[in-house]
Amino acid sequence: MTEVESPLGGEAGEGAIFYGGLVERILRLILVLSVLLIPPVWLFYGIVAAEGFLLGAAISYLNFRWLERAVNGIGRAVVEFQSPERGGRIVMRFLIRYVLIASVTYVTFVGWPGAFRGMLGGLCVPVAAMMGEALYEAFSALRRGV
């Protein structure tokens, strides 16, 4: 029996452990970036924009968490034909999530226009977190000589 190499070098179990923590690292990085970016947003754009940024970051965090649950649910439904969740419910939750995000964004745009720009910035925090995760993975691979 041959050992399976992981992308990080070593056995496949090591890679599974590394990539198994990927979502939690991204979620943690979303929180860290949100906390770190609120003061500069407040300083440069004011308290209303900072409140909007906080709202957008909170929505982003929840959206990413819900997306993880949906993807895991779909994965279970595909792998285990006897999944406790039905595909229709998973897709419905997926759609409801985006309707809720669009509704909050619309209400913010109409009723709280000063916070709208900050909210859009907060909605972009997961992108920055994923870029940070990509840098972390690249650094880890380079450090291991892959």
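In this predicted model, a nonpolar patch of about 460 Å² lies on the surface. Five residues make the patch: Leu62, Trp66, Met92, Ile96 and Leu100. Two elements, H3 and helix H4 (87-111), each give two or more residues to it. H4 provides the largest share, with three residues. Leu100 belongs to helix H4. Its relative accessible area is 44%, so Leu100 is partly exposed; the limits for that class are 20% and 50%.

The patch is set within an all-helical chain. The protein chain holds six helices and zero strands. Read from the N terminus, the order of elements is α-α-α-α-α-α. The chain has 146 residues, of which 30% count as buried. About 9600 Å² of the protein chain is exposed. Carbon and sulfur atoms supply 73% of that area. Contacts between residues at least 6 apart in sequence were also examined. Of these, 69% join residues at least 24 apart.

Helix H3 contributes to the patch and spans residues 47-79. This helix has 33 residues. The distance from its first C-alpha to its last is 48 Å. That span is close to the 48 Å expected at 1.5 Å a residue. Buried positions in H3 include the glycines Gly52, Gly56 and Gly73. Ala49, Ala50, Ala57 and Ala70 are also buried there. So are Phe53, Ile59 and Phe64. The polar residues Ser60 and Asn63 are likewise among the buried residues of H3.

Ser60 was considered in more detail. This residue sits in helix H3. Ser60 counts as buried because its relative accessibility is 4%, and the class requires a value under 20%. Leaving aside residues up to four places away in sequence, Ser60 touches Gly122, Leu123, Cys124 and Pro126.

Nonpolar side chains also gather in the interior. In soluble globular proteins, nonpolar side chains tend to be buried together. The largest nonpolar core here has twelve residues. They are Ile26, Leu27, Ile30, Leu33, Ile38, Val41, Ala49, Ala50, Phe53, Phe64, Val125 and Ala129. Helix H2 (22-45), H3 and helix H6 (125-143) each supply at least two of them. H2 gives the most, with six residues.

Contacts of single core residues link distant parts of the sequence. Ile26, a member of the core, touches Phe64, Ala129, Met130 and Glu133 when residues up to four places away in sequence are not counted. Of these partners, Phe64 and Ala129 are themselves core members. Another core residue, Ile30, has its C-alpha atom 7.9 Å from that of Ala128. Ile30 and Ala128 are 98 residues apart along the chain. Ala128 lies in helix H6. With a relative accessibility of 35%, Ala128 counts as partly exposed.

Charged pairs were examined next. Side chains of opposite charge can pair when their charged atoms come close. The search of the whole structure found three salt bridges. One joins Arg65 and Glu24, whose closest N and O atoms are 3.2 Å apart. Arg65 is in helix H3 and Glu24 is in helix H2, so this pair ties together parts 41 residues apart in sequence. Arg65 counts as partly exposed, at 24% relative accessibility. Glu24 is also partly exposed, with a relative accessible area of 37%.

A salt bridge also links Glu133 and Arg25. The closest N and O atoms of Glu133 and Arg25 are 2.8 Å apart. Glu133 lies in helix H6 and Arg25 in helix H2, so the pair connects parts 108 residues apart in sequence. Both Glu133 and Arg25 are buried. Glu133 is also a contact of Ile26.

The remaining bridge pairs Glu68 with Arg65, at 3.2 Å from N to O. Both residues lie in helix H3. Glu68 and Arg65 are three residues apart, about one turn of the helix. Through shared partners, the salt bridges join Glu24, Arg65 and Glu68 into one network.

How values were computed:
Residues are numbered from 1 along each chain as its sequence is written. This is a predicted model: local features need pLDDT of at least 70, side-chain atom pairs count only at pLDDT 80 or more; totals for chains, interfaces and linings use all residues. Side-chain values use heavy atoms; hydrogens and water are left out. Helices (H or I, at least four residues) and strands (E, at least two) are DSSP runs, numbered from the N terminus. The expected span of a helix is 1.5 Å times one less than its number of residues. Buried means under 20% relative accessible area, exposed over 50%, partly exposed in between (1.4 Å probe, protein chains only). Contact means heavy atoms within 4.5 Å. Patches are made of residues with over 30% relative accessible area and no salt bridge: like charges are joined within 9 Å, nonpolar side chains (Val, Leu, Ile, Met, Phe, Trp, Tyr) within 5 Å. Accessible areas come from the Shrake-Rupley method with a 1.4 Å probe; for residues, only the protein chains shown count as cover. A salt bridge is a side-chain nitrogen of Lys or Arg within 4 Å of a carboxyl oxygen of Asp or Glu. A nonpolar core is a set of buried Ala, Val, Leu, Ile, Met, Phe, Trp, Tyr and Cys residues joined through side-chain atoms within 4.5 Å.
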